[in-house]
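User: Hi! Could you walk me through this fold with a few questions and answers?

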Amino acid sequence: MNILVIDAQGGGIGRQIVAEVREAFPQACVTAVGTNVMATSAMLKAGANYAATGENAVIVGCRKADVIIGPVGIVIADAMHGEITPAMALAVGQSNARRILLPMSHCDNIVVGVSNFSINSLISDVIDELNKIPE
């Protein structure tokens, strides 16, 4: 399974996702793409097999992924303080990959109807969703 984790800003959420996915699915190929070097570096240190930075890396990664994981902002142009470009959001949205999005209410994008779960709880849900995917 080719898993693409996308994150922005400091990469803290992506780092936690990569670490948990590596532990639960050691056989999976995890690629981390950050919108900036800090985010990419954090995810690489957490155990990603591959890592890259920037818009083109998101576009290429989305073509190759079976599953894309990240905060809901990765499908919203100009989200994450402008770090998600329209091309990035389009690539994620048009990808044939399954998308597992964490509901985050930040940067003027409010997700209603979702309780304020901890990041650990949300990442646990990510692992549960990955377990449902047939290999």
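Analyst: Happily! First, a definition: two strands pair if DSSP finds at least two bridges between them. Helices (H or I, at least four residues) and strands (E, at least two) are DSSP runs, numbered from the N terminus. This is a predicted model, where local features need pLDDT of at least 70, side-chain atom pairs count only at pLDDT 80 or more, and totals for chains, interfaces and linings use all residues. Residues are numbered from 1 along each chain as its sequence is written, and side-chain values use heavy atoms, leaving out hydrogens and water.

User: Which residue of strand 5 stands opposite Ile69?

Analyst: Strand 4 (residues 67–71) runs parallel to strand 5, paired over five bridges. Opposite Ile69, strand 5 places Ile100.

User: Which strands stand at the edges of the sheet?

Analyst: The open sheet has five strands in the order 3-2-1-4-5, with parallel pairing. Each edge strand has a single partner, so one side of each lacks a neighbour in the sheet; these are strand 3 (50–53) and strand 5 (98–102).

User: Is Asn36 buried or exposed?

Analyst: Asn36 lies in the loop between strand 2 (29–34) and helix 2 (37–45). Buried means under 20% relative accessible area, exposed over 50%, partly exposed in between (1.4 Å probe, protein chains only). At 18% relative accessibility, Asn36 is therefore buried.

User: Which residues does Asn36 touch?

Analyst: Contact means heavy atoms within 4.5 Å. Setting aside residues up to four places away in sequence, the partners of Asn36 are Ala8, Gln9, Thr53 and Glu83.
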